[in-house]
Amino acid sequence: MLAVFSDAVVSPPEELVQAGSRTPTPKQTATKLLDAFLQSNPCSMALNIGGAAQIAFTHRNQSLLQPRSFAVNEEIYCLFKGTLENLPSLKQHYGLAKNASEVVLVMEAYRALRDRAPYSTNQMLAHLVGQFAFVVFDSVTSTVFAAADQDGKVPLFLGITVDGYLAFSDETEVLRSACGQSLASFPPGCFFSTSTGIRSYEHPKNRVTVLPATDEETWGATFKIERPCSQAADE
């Protein structure tokens, strides 16, 4: 799966921008990134959402334990990969039909987060039990919302194209040629939103920082959840 957003919608993490400039490597535009994805996945589906976002999705080579899914409803678009162990209880909590899938559940959970302030992002994501990664785009509010499970069982990567688009994918090879060193693995137990950037929902009081990667052939930067001094001392 692939989701690419223009800088008119979201500003890429500055640390990731700096990582890309530290060791310049060949990069491609967002359009070429999407074209490469479609060429390598000929049976995939692609959407161009008003020039602000480009979304592509395929079932090709997906794991039975980590299936991919896509849904759209009332201008909310969602890419989801993985499974939720507590899906039945979550469907009951959000008042969904018995046949509602994980991707539909995430869209409705996001809608509740958006419309029922002050509903907590940390609370909403902490309800999700399982292995998952997802990307939501709300074209009404021009909001990007992405998250990964607390154990990092489903990989999610983000990078910046040469023309400044922020891209998310579950496959690192998809992003590598387009993003160069402006590439990182999404940190487990964290979420990204247009308004907050990357935050930890597992440890909401802990700051998330970005460090230069030691293996520059693979990553341009690594996200790290800082621990309070008292917590580090106790360990």
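User: Which residues does Phe137 touch, not counting residues up to four places away in sequence?

Analyst: Contact means that heavy atoms lie within 4.5 Å. In this predicted model, where local features need pLDDT of at least 70, side-chain atom pairs count only at pLDDT 80 or more, and totals for chains, interfaces and linings use all residues, Phe137 touches Phe5, Val9, Ile49, Ala52, Ala53, Glu75, Ile76, Tyr77, Ser142, Thr143 and Val144, leaving aside residues up to four places away in sequence. Residues are numbered from 1 along each chain as its sequence is written, and side-chain values use heavy atoms, with hydrogens and water left out.

User: Is Phe137 buried or exposed?

Analyst: Buried means under 20% relative accessible area, exposed over 50%, and partly exposed in between, using a 1.4 Å probe and protein chains only. Phe137 has a relative accessible area of 2% and is therefore buried. The C-alpha atoms of Phe137 and Ala53 are separated by 8.1 Å, although the two residues are 84 apart along the chain.

User: Where is Phe137 found, and what is the strand order of the open sheet of six strands?

Analyst: Strands are DSSP runs of E with at least two residues, helices are runs of H or I with at least four, and both are numbered from the N terminus; two strands pair if DSSP finds at least two bridges between them. Phe137 is found in strand β6, and the open sheet has the order β4-β5-β6-β7-β11-β12, with antiparallel pairing. Because β4 (68–73) and β12 (197–200) stand at the edges with a single partner strand each, one side of each has no neighbour in the sheet.

User: How many bridges join β7 to β11?

Analyst: Three bridges join β7 (residues 143–148) to β11 (residues 190–193), and these strands run antiparallel; Ala146 has Phe192 as its bridge partner in β11.
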